[in-house]
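Student: I have not seen this structure before, and I would like to go through it with you slowly. Could we look at it together?

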Amino acid sequence: ATQPSTNWHLKDNARDHHTSKFSSEELVVRRGQAFTVTFNGTQQPEQNTTFIAETGPKPSKLAKTQATFGISSTVSKESWSAVLQSASSGSVSVSISSPPNAAIGRYRLSIQSPASGSSSPASLGTFVLLFNPWSSGDDVFMPGKAECEEYVLEEFGIIFAGNKNRINSFGWNFGQFQEDILNICLSMLDRSLNHRQDPATDVSHRGDPKYLGRVLSAMVNANDDQGVLLGNWSGKYEGGKDPSSWTGSVEILQGWKKSGFRPVRYGQCWVFAAVLTTVLRCLGIPTRMVTNFSSAHDADSNLRVDEFYDAEGNHLERGADSVWNFHVWNESWFSRSDLGPSYSGWQVLDGTPQEESGGIYQCGPASRIAVKEGEVDLDYDCPFVFAEVNADCMYWNYDPATGKKTLIFSRATEIGQLISTKAVGRDDRVDVTKDYKYEEGSTKERDIFKKARKKLGLEDKFDPTAPTPEEVEQKPDISGKFKVPGPLQVGQDLSLILVLANLQSEPKTVDAKMTAWSTLYTRKPVAEIWKDSIAVTLSPKEEKQFPIKIPYSDYQKQLTADNMIQVTALCHVEGGIQVLVQRDITLDSPAIDIQVLGEAKVNKEVDVEVTFANPIAVEVMDCVLQVQGNDLLRGILEIDLPPLKGSEKSSTKFKLTPSETGPKHLLVNFSCDKFATIKAFKMVNVTD
């Protein structure tokens, strides 16, 4: 039989299937929905012409990775079907539909006609099938149109970072429709441990979003499987890129493929989460990024994180527990047939390698409703996610010489604050804390915590590491806090105020040991930048303020790209228990200004000006401007700038030629030798 030529009606099918943004020459369609194919060079279809659609290395009907179907008069809801649209001499058009639970991935389509006798089927070519959030029969069905636009089709995102006292945000280019990204996402599936162990079974499970979400949460990190990104939380990033310098997923995913699928160096939580967002949106699973402030990493699953300080007030790295200033994970939207309809909706997935689950570094999907209700026995990894937003925090004084630890105080309301995600259709922050837990301090919230402890078997078990009730009940004689009078900027001296108040009616003598350390965003101490001590007697009920100044010259060399400093005062109170005063500070980066000079019109050049003022008295060198933005320019534009003298202003112009209308985002990065990468973005409205 001669090879038929196939017309895939790329434009019309893509429009109907919300896949027009893909930059591929191959048909990309969504499951549970019809698409049209016309082929030439075949006789009129006979009654028993058969189509064969198959995917994966060992297609089989039993595994639902192969379907054979004839031409019928109506669409089948449960299986693949073809309905004749038109036939003329030598050309046939059919409308092909797939079931709403079909495995996603690349399919081969062929045709067998009785006229060809027993010869092998004639190939019509390949197409890619994706999840369909617009279709009510799909596990990932999302009723809101605006939500589908944001969580599947939007290539720009905003990531929230900083700490609970000062949230900052930066833009990200997900780029799920950019060149080759779809193929790379399919390669991730083919390179997973599950696929390597049993390819046929793996492919047969690819219709299930909870299966794919879990597999991809493992594949986005390099642990176990040579996945996409290698994590690095050391503060030293030789041999790779500082995680805070990335601005988009495209470079990372394309880099992974270009290197022969060797892990890209380096990632931290928001990079893992951003890349996972790209991959899941690309495959059609609605996905967003979520930032949790004061996020617990409870390594021993006792719903408690322990922090240790020495007598000087230094934060010690002891034990595996930690509290991160912020942590970023993903939520994906799908139904939970395994748990029941009440647990459907947003599911937590986390690609950051923190703890093993099922023997490998993967996390989720954990139903957000299950987390809120303390149903920590439900799949998958609910206890870990529950702890991230609910663990109790214990602060201990630890004496390395004797190994003795004494409780300073415990807090039940510290962990899981200001849980944030980007708004639908707007560049704003939305707070979703109440979707993760009941109001902090309410009876309901404490009841859920007890319920979770009980389910984890922590209620009845004696825990020798836990503080005694007497320790927990102790009341301090003084209170303290660090006040920050205004925004703190990199390049300026830091001004803080330590406020100490005597809560008693008799005088109290206080000896306060103060330290400041530069830290990573995980609050891992990097370098001491300042220490001091004060001895003071507070009169009854007296409050005193002690101004603190940390000069730029003291911290400049020690700051990591996170721009974070932890300030601690450990107050030894005569005749009373110690009081720990601490504050995590995020310094603001200097600003860069982006101006679009003139109107942005399709296929017309427009000038953009980027301005940066050097806020310090010293010259900054190695200045590089990086610009990217889908539909505004191709790839990443890099501009090397001359050194900038102290307090000088630099202004750079470049041209864009937008290729599509609508609201587009321009992402700009400025890097130099004195500051961490400075990021800014600008919405550009492109008109005809």
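The questions and answers below go through a domain, a strand, some salt bridges and a sheet.

Tutor: Please keep in mind that this is a predicted model, in which local features need pLDDT of at least 70 and side-chain atom pairs count only at pLDDT 80 or more, while totals for chains, interfaces and linings use all residues. Residues are numbered from 1 along each chain as its sequence is written, and side-chain values use heavy atoms, with hydrogens and water left out.

Student: At which residues does UniProt place the feature "domain: Transglutaminase-like"?

Tutor: The chain over this stretch is 16% helix and 44% strand, with its end C-alpha atoms 18 Å apart; helices (H or I, at least four residues) and strands (E, at least two) are DSSP runs, numbered from the N terminus. The record is an unreviewed entry, and such annotations may be inferred rather than shown by experiment. UniProt places the feature at residues 261-353.

Student: How many residues of β15 are buried?

Tutor: Buried means under 20% relative accessible area, exposed means over 50%, and partly exposed lies in between, with a 1.4 Å probe and protein chains only. Arg304, Asp306 and Phe308 point one way from β15, Val305, Glu307 and Tyr309 point the other way, and all are buried. In a regular strand the side chains alternate between the two faces of the sheet. The strand is largely enclosed by the rest of the structure, because the buried residues of β15 number six of the six.

Student: Which strand pairs with β15 in the parallel sense?

Tutor: Two strands pair if DSSP finds at least two bridges between them. With strand β16 (residues 315-316), β15 pairs in the antiparallel sense over two bridges, and these two strands form a hairpin with five residues between them, where Gly313 in the turn has a positive phi of about 90°. In the parallel pairing there are six bridges, and Glu307 stands opposite Tyr395. The parallel partner is strand β20 (residues 392-399).

Student: Which residue forms a salt bridge with Arg304?

Tutor: A salt bridge is a side-chain nitrogen of Lys or Arg within 4 Å of a carboxyl oxygen of Asp or Glu, and in this pair the closest N and O atoms are 3.0 Å apart. Arg304 lies in strand β15 and its partner in the loop between α12 (443-455) and α13 (469-473), so the pair ties together parts that are 159 residues apart in sequence. Arg304 counts as buried at 6% relative accessibility, whereas the partner is partly exposed with a relative accessible area of 26%. That partner is Asp463.

Student: How many salt bridges does the count come to?

Tutor: One of the pairs is Asp428 with Arg426, whose closest N and O atoms are 2.7 Å apart; Asp428 counts as partly exposed at 36% relative accessibility, and Arg426 does so at 44%. Arg288, Glu331, Arg368 and Asp435 are linked in a network of salt bridges. By the rule given above, the count comes to 40.

Student: What is the order of the strands in the open sheet of three strands?

Tutor: The pairing in this sheet is antiparallel, and the edge strands, each of which pairs on one side only, are β24 (478-483) and β28 (543-550). β24 and strand β25 (residues 494-502) pair over six bridges, with Ser479 standing opposite Ala501 in β25. The order is therefore β24-β25-β28.
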